[in-house]
Amino acid sequence: MSSNEVLSELTSQEYRHGFVTDVESEVFRPGLDEEIVAAISAKKKEPQWLLDWRLKAYRHWLKMTEPKWAKVSYPPIDYQAIRYYAAPKSAKDGPQSLADVDPELLRTYEKLGVPLEERAILAGVAVDAVFDSVSVATTFRESLAKVGVIFCSFSEAVHQHPDLVKKYLGSVVPYTDNFFATLNSAVFSDGSFCFVPKGVRCPMELSTYFRINQADTGQFERTLIVAEEGASVSYLEGCTAPKRDTNQLHAAVVELVALDDAKIKYSTVQNWYPGDKDGKGGIYNFVTKRGKCAGKRSKISWTQVETGSSITWKYPSCILLGDDSVGEFYSVALANNYQQADTGTKMIHIGKNTRSTIVSKGISAGHGQNTYRGGVSIAKSAIGARNYSQCDSLLIGDQCGAHTFPYLDVKTSTAQIEHEASTSKIGEDQLFYCRQRGLTNEDAVSLIVNGFARRVIRELPMEFAVEATKLLGVSLEGSVG
Amino acid sequence: MNVTTTILEIRGLKARIAEDGTEILKGVDLTVNAGEVHAIMGPNGSGKSTLAHVLSGREGYEVTDGTVLYKGKDLLSMPPEERAREGVFLSFQYPVEIPGVANTYFLRMALNAVRKHRGLPEVDAMDFLALVEEKAALVEMEDALLSRNVNEGFSGGEKKRNEIFQMAVLDPTLAILDETDSGLDIDALRVVASGVNSLRSADRAMLLITHYQRLLNYITPDVIHVLSDGRIVRTGDKSLALLLEEKGYGWLEAEAPVGAGKAS
């Protein structure tokens, strides 16, 4: 088999997590209006102030238009055809322990390789699992509570910690921010809330597994993480979705707030259904993620491995407000078959001596289109600010594309900026060299790709790094001969 | 050794470049037995590297005629990785860089691929470490090179050392060394050659492909073949190399092939 044949075979690998769970769901009629917004809020027994916030967002959204600047193309989305709420029935009773969780659901997690109990007990990971739109299981909450860490579903936080939610909700991503974030603000279903109080180092990695499981259901998670003075937390987000023919919209919002000397590390492995090898189906992933280094010497670090979705529109960013604060962005984005990824970051330097690091690794295969879009802006006040950016692209085959759009806006002469970029192709010689040493073509591709992405993978927590390494290999199976 | 085992038997091998149909090998006959070291010499463009590529299964060539038996099996029908697992090792003229992949990690994957093929379990971590240390010493590889990425930022000499180191760990039955001496200074050449010499053994065959006689000052082959215009035109012992050094390749091309391909 020639390399081209193997390339095309690897790129035509079927999605392995494509199965559907039969959990009886409670769903709203399709469409979006004030009644639906109010119904979501009512369903969650939300206080008036939150309903008002949602409605303000909805009314603002009506005046907005979908952004068109990203290098992605897709048929128009009919926002009135989407259902804005779905919940697994069992969630109504609110499971108190794993024993109360729908066994069907647990089997789904197992198929995905997330044995909840095992992970929870052996790996010491607390899992706040989001299944469709409602959190169904939260583990380790008690041991977290002992040190004062709050980790719960967003809905719970609204009831139990309203002051905190009220204080920080929209403080990083305001409800007017952008089309998709504003939509999310109006209709968000659930998500995670994490609060780490002053001086506390969160004793375990916090993890949320997202999964879309309802036909034609948009998912609108909202995550809010706050680390007070001197606190630190590492948060993992992982996603898979069952195979679908119709496109599913996902518009999440994540807000991070780090006060003086606080550290937040946010890691994502995103493996949603990317569409089939002809580009049919797949998730539309329009995500707004932003962190605010509000305090001095605070640090926010984003690490993402994006292998799924048919469209990815995502720019995890940092606002470096506090003096000496640090922002980091490490990304691997893979676009295979007809996937389109437009992803990157914004580093907004405001405080003195703020530093940021951007490492982006884009992998394109099949007919995939991969775009890095990054902005570094340094305000006049950001005296002594520094940025280092590295953007590398790897091409597999000759039908794909890689694009880089770095934007720079520097208003002080004391700033230091470095930018490195490279584009390379998996060469016949590299593949042959590996094969001559006994590796199959697929193993060779996986090896080369993982080598390319290593600088980013090593930023992930250990268990995630292993998963991500496998995922890169699996996502490219059939792409090289 | 009492019984002669034939490792490689090439008969009437003809091959051309797939892209433009240029015929490079025009009927090569060669027999290499276990324990033997054969040198293939010849001027640029004579087909030396093509022979190495065809034997290792590199894409871009078409075999139009002839057979190649390796340990009695049809070598040409195997994909490159299967040849490697069966014990065919090519030391590359231009070793390839694999950024981000640690040298020892790569080698361990390769070794396990070979072991799996032979029905052996994956190599134990401690055993592998010991093996690596032992073999690295053969070519005076520094520890730093072991943990660095495969050939990334290696000097020419370090790359060639790395090839011989890999060969030592993978323990092939047939080793093809393609221009291993090119780009080496005299010290590196000495180290690499002594590594190769230490790997000579009664059950291994080696094919040294070289333009210059100089390598043969350090590695004494059992047989020397001269390849010219796609055919073996002369076969002899060590003295043939010295003759070539003195007279160049020009005089051979005027003469009819003598004892072509009869190796032993």
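**Entry 1. Asp171(B)**

I started at Asp171(B), which is partly exposed, with a relative accessible area of 44%. I was working on a predicted model. I placed Asp171(B) in the loop between α6 (156-170) and β9 (174-178) of chain B. I then looked up the backbone. The phi of Asp171(B) is positive, about 55°, although the residue is not a glycine. I noted this because most residues other than glycine have a negative phi.

**Entry 2. Asn337(A)**

I looked at Asn337(A) next. Asn337(A) is not a glycine either, yet has a positive phi of about 50°. I found Asn337(A) in the loop between β17 and β18 (340-349) of chain A. Is Asn337(A) buried or exposed? I read a relative accessibility of 11%, so Asn337(A) counts as buried.

**Entry 3. Helix α1 of chain B**

I checked how many residues of α1(B), residues 48-56, are buried. The result was nine of the nine, so the helix is largely enclosed by the rest of the structure. I listed the buried residues of α1(B), among them Lys48(B), His53(B) and Ser56(B). Leu51(B), Val54(B) and Leu55(B) are on that list too. What follows α1(B)? I found Gly57(B) there, with a positive phi near 90°.

**Entry 4. Chain A overall**

I counted elements in chain A. There are twelve helices and 23 strands. Of its 481 residues, 62% count as buried. I also looked at sequence separation. Of the contacts in chain A between residues at least 6 apart in sequence, 85% join residues at least 24 apart.

**Entry 5. The two domains of chain A**

The domain assignment splits chain A into domain 1 (21-422) and domain 2 (426-481). I looked at how these meet. On the domain 1 side, 32 residues are in contact with 21 residues of domain 2. The area buried between the two domains is about 2300 Å². Carbon and sulfur atoms give 75% of that area. Which three residues supply more than any other three of the area that domain 1 buries against domain 2? I found Val269(A), Leu394(A) and Ile396(A), with 22%.

I then searched for charged pairs across this interface. The rule finds zero salt bridges between the domains. Polar contacts come to three residue pairs, both residues at pLDDT 80 or more. Several strands of domain 1 each supply at least two residues of the side that touches domain 2, including β9 (232-240), β14 (299-306) and β21 (386-395). The largest share, five residues, comes from β12(A). I sorted the domain 1 side by class. I got 14 nonpolar, twelve polar and six charged residues.

**Entry 6. Chain A against chain B**

I turned to the interface between the chains. Here 22 residues of chain A are in contact with 31 residues of chain B. The buried area is about 2200 Å², with 61% from carbon and sulfur atoms. Which residues of chain A lose the most area to chain B? They are Phe432(A), Tyr433(A) and Arg437(A), together 35% of what that side buries.

I counted two salt bridges between the chains. In one, the side chains of Glu81(B) and Arg435(A) meet at 2.7 Å, N to O. Twelve residue pairs are in polar contact across this interface, both residues at pLDDT 80 or more. On the chain A side, α10 (428-436) and α11 (441-457) each supply at least two residues. The largest share, eight residues, comes from α10(A). By class, I found eight nonpolar, eight polar and six charged residues on that side.

**Entry 7. Gln430(A)**

I picked one residue from helix α10 of chain A, Gln430(A). Gln430(A) has a relative accessible area of 12%, so the residue is buried. I looked up its contacts beyond four places in sequence. In chain A, Gln430(A) meets Lys425(A) and Ile448(A). From chain B, Gln430(A) meets Val96(B), Glu97(B), Ile98(B) and Pro99(B).

**Entry 8. Ala113(B)**

I finished on the chain B side. Ala113(B) sits in helix α3 (residues 103-117) of chain B. Its relative accessibility is 12%; the cut-off is under 20%, so Ala113(B) counts as buried. What does Ala113(B) touch, not counting residues up to four places away in sequence? I found Gly438(A) and Leu439(A) from chain A, and Arg85(B) from chain B. I also took one C-alpha distance. Ala113(B) and Glu81(B) are 32 residues apart along the chain, and their C-alpha atoms are separated by 8.9 Å. Glu81(B) is the residue that forms the salt bridge with Arg435(A).

Definitions and conventions: Residues numbered from 1 in each chain as written. Chains lettered and ligands numbered in written order. Predicted model: local features only at pLDDT ≥ 70, side-chain atom pairs only at ≥ 80, totals over all residues. Heavy atoms only, no water. Helix = DSSP H or I, 4+ residues; strand = E, 2+ residues; numbered from the N terminus. Buried < 20%, exposed > 50% of the residue type's maximum accessible area, 1.4 Å probe, protein only. Contact = heavy atoms within 4.5 Å. Buried area = accessible area lost by both parts, 1.4 Å probe. Salt bridge = Lys/Arg side-chain N within 4 Å of Asp/Glu carboxyl O. Polar contact = N/O pair within 3.5 Å; in protein donor to acceptor, adjacent residues only side chain to side chain. Nonpolar A, V, L, I, M, F, W, Y, C, P; charged D, E, K, R; others polar. Domains from an automatic or database assignment.
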